[in-house]
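Please find below a short set of numbered remarks on the structure. They begin with a single residue and proceed to the chain contacts.

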Amino acid sequence: MSAEPFVTGSEEAAGLAEELLAGLAAEVYPDAGRVVIVLQPGRLHEAALKLRDDKQLSFKYLSFAGGVDHKDRMEAIYILRSVNHSVVAELRAPLDRSLPVAPTVSDVWSTAGWHERETFDLLGIEYEGHPDLRRILTDAADGVHPLRKDSRPQRVKREEWRFEGIGAPRRLPGEEERINRS
Amino acid sequence: MSWGLSFVIHLIAALVIGLAVPALSALVFPFAVRRLSGFMSDRLGPNRVGPAGFFQPIADFLKLLLKEDVAPLKADRRLFRLAPAIAFITPVLAVSVIPFSKGFTIANLNVGLVFIVAFSSFTVLGILLAGWASHNKYSLLGGLRSVAQMVSYEIPMILNIIIIAMLVGSLSLNDVVGAQGKIWFIAVQPLAFLVFIVAGMAELNRTPFDLPEAESELVAGYLTEYSGMRFGFFYGLVEWGNASIWALTGATLFLGGWRGPFAGNPGWLILKVLVLAFAVIWFFATFPRLQVDQLMNFAWKVLIPLSLVNLGVTGLLIILLPNSFLPPVAAFSWASVITIILLMGPVLRKALLRKRLKLNPGTELGTSQS
Amino acid sequence: MQNEPDLRLEEMVLNMGPQHPSAHGVLRLVLHLDGEMIVSVDPSIGYLHRGFEKLAENRTYLQFFSMLSRLDYLAGFFMEWTYVRCIEGLMEIGPPPRAEYLRVIAGELNRIISHHMAIGDYLLNLGAVTPVLWTFRDREDVLDLLEMLTGQRMMYNYARVGGVRYDLPDGFEEQCRKFLRRFPVMIDEYEQLITGNEIFLARSLGMGVITAEQALDYGLSGPNLRASGVAMDLRRHDPYSAYPELDFDIPTGASGDSFDRYKCRIEELRQSVRIIEQALDALPGGPVNMRIPPMLRPPAGAIYRAVETGRGEWGNYLVSDGSLRPYRLKMRDSCFVALSTMPKILPGHNIADVVGIAGSLDLIMGAVDR
């Protein structure tokens, strides 16, 4: 990997990406220094693999996976960075807002694992095939996805505090009395 | 004087000295650590209470004394309370065989060395009890680490004490000091002294072997649940009392005990103890901490073989040259110390790099510029 | 170890943090241990989640500004820089050249304090107490410089849309050059204390190895990525501000272990000194900011901008709908990513390595939790 990246303009990179993703992407255009690739969620995984494994573009580095809640639709966003060129690409997949489901790309880039957990947590986008889709930042806000535009601040119901992850100590017969006595 | 009166006077003197040594070290050493390591890391350290902060340890002591004595709900209370007391046995009793000057020993045992070794093991029991009774996972890990570590490092420690006993031909500490009239044993057996220092650091749970209470990993190890004066017992009286015992033993075995220029008196012994304690503080300010597996490897693969070789060669030389064994022993010991110091760094580096190469082929030390 | 079928060995679950001396704030790791060996790790984050992304949506562009440096509170200027780059990109304006140079100077000073904290904290996690105080001593000088430049020690609010807040104050250049002359000597001093120490080498060589493929796969950035041998630095890879006009090296490691990460940071300190020197030499004249409308309304659109912070790529994805408030602001953080590698790299290591590797990855929970 060279230290001096071979700088490509985003127009040129857009051309390359359009060629690569012919038939997969609905739209490819350069915007504000990056290549925006709009595509259907069903084709996301295939496109991700192609972008990663392409020798020329080589988008081996996923900056983040996130999402935007437009009030009529949801968008899954993936920002990719080429390791060979100074090119940033954005994968954008429009989702149904009432039931936002996108395929996971955590098998393409491992880093997506946590980013998808975060997006699931904050926006409620479900990632199909994600190995460990749990809430990550706001564990207590059950059923609330704070970054949705219709979510308002609300009091989180608190359970009685308890140790998580540590089971109750195993007691031998008669041990209960000993502890109480001492 | 009747036998009974003599016994009572003896007992009182023994108790006073036995309690004074750990108490004084608990007052002096933590303060010295804070000031000296502060000096070494370019800051001031505690300097507010009294002139230059000299009353800081007293203020700390009062604070600890006045704090509430808390035991965790699920702890085994009796063992929890017993543990500091058991650990405290070591510094109180072990001090009784140390010769402070000519003819001034609380108990001039002819097996003084064995006595010290035997009683220094009591600390392990106290620490294990503390770790177990606290009902806390960090405490338990700390206690277990401590047992593994102290039991392992006791072996090289004892082996080196045996070397000195062989050179002297006696187990009494008075004889050990008596034998160092012409030359201190540090000049005869620097290798044994080196191992004694290293094993001592591990026995005392001091940096770089402070794993039982490694605060960045185990919070405070076996001390986690202790507070107030029970904490003070462990942290001040036991740890620093043991450090004093270790330094007293080291000074007696290797640095000529109370001997010194002009007249032999306890002042020289105290000076030597302070020098050794300074070394402890110096290590504390300089070194990171070892890892458990590295710690055990170091004891069993380096220190014990080294001590055994030293023991064997020294014993052989004593048998072969019963009248003039000191010069050849010294020659052997100095030669091995110099070799070890020269070789240790490169050999260790090579081993570590080999390990790294196995994990990720095609690597070398340092970074490349691009 | 081969388990006997009838002997049931239990894994111990150790809940490390969020209250723990080396939790780097409020990091919680649920460790499954087999003895002292780690079987699996589940990092649990969110204890410092303040909902910055939601807060941004409810404030105007300028109101949100003052909150930015609270994210990565050790090097807050990078956050401001990224944010103003996003707004400037949407509005298609560029700051005057002098402002770009001042941003570079403030950014590199921030990188120095960030690496100071990283190196000191890493060594503190390994149990060495002095390095952290030495780095803090020099960090204080940099904080003084930053205070001169921005009026604040940590929460700068220095960057502005279309420039920076203040021009250089009187005497800054002189004091900065004095520091830059002295600082390389200090870096050598750190290296003398740390880099050659055999215990440090034993604790860092071959620990937490991340190969180049893994590092890219996990999206690591900054020194963590470069230590694995990938010379990817956004200052070169995606040049911004005045960096194309400045000459500096990108230090890379070879094996991606803790030692390489540490070494990369040390080298980057030297490079930062070079960059600041050049920036002071080449500082162009002219204004330091430009007139912008008091009520910012960037045109509708989306933009992604990132800067290379001391910890890696900090990126902002800003969606504007043409109103006074950001429609969506997603912040991409490198520590979040670095933390996500821990379940992969930690198993097989020791408890002591948990804090060691966490320290070498340089996590800052304010940025992870956002």
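1. In this predicted model, A:Ile37 touches A:Ala17, A:Leu21, A:Ala25 and A:Val28, and also A:Ala89, A:Glu90, A:Leu91 and A:Arg92, when residues up to four places away in sequence are not counted.

2. The largest nonpolar core holds 256 residues. A:Ile37 is among the four members that touch the most other members, together with A:Ala89, C:Val354 and C:Leu363. The largest share of this core comes from α3(C), which provides 14 residues.

3. Chains A and C are in contact through 33 residues of chain A and 36 residues of chain C. On the chain A side, β3 (61-70), β4 (73-81), β5 (88-95) and α3 (112-123) each supply at least two residues. The largest share of that side comes from β3(A), with six residues. By residue class, the side of chain A that touches chain C consists of 19 nonpolar, nine polar and five charged residues.

4. Chains B and C are also in contact, with 40 residues taken from chain B and 46 residues from chain C. The elements of chain C that each supply at least two residues to the side touching chain B are β1 (12-16), α3 (97-125), α4 (130-150), α6 (198-204), β6 (251-252), α10 (258-281) and α13 (351-361). Of these, α6(C) gives the most, with six residues.

5. As to the composition of the side of chain C that touches chain B, 24 residues are nonpolar, 13 are polar and nine are charged.

Conventions: Residues are numbered from 1 along each chain as its sequence is written. Chains are lettered from A and ligands numbered from 1 in the order in which they are written. This is a predicted model: local features need pLDDT of at least 70, side-chain atom pairs count only at pLDDT 80 or more; totals for chains, interfaces and linings use all residues. Two residues are in contact if their C-beta atoms, placed from the backbone, lie within 7 Å. Helices (H or I, at least four residues) and strands (E, at least two) are DSSP runs, numbered from the N terminus. Ala, Val, Leu, Ile, Met, Phe, Trp, Tyr, Cys and Pro count as nonpolar, Asp, Glu, Lys and Arg as charged, and the others, Gly among them, as polar. A nonpolar core is a set of buried Ala, Val, Leu, Ile, Met, Phe, Trp, Tyr and Cys residues joined through C-beta atoms within 7 Å. A residue is buried if 20 or more other C-beta atoms lie within 10 Å of its own, exposed if 12 or fewer, and partly exposed in between; C-beta atoms are placed from the backbone.
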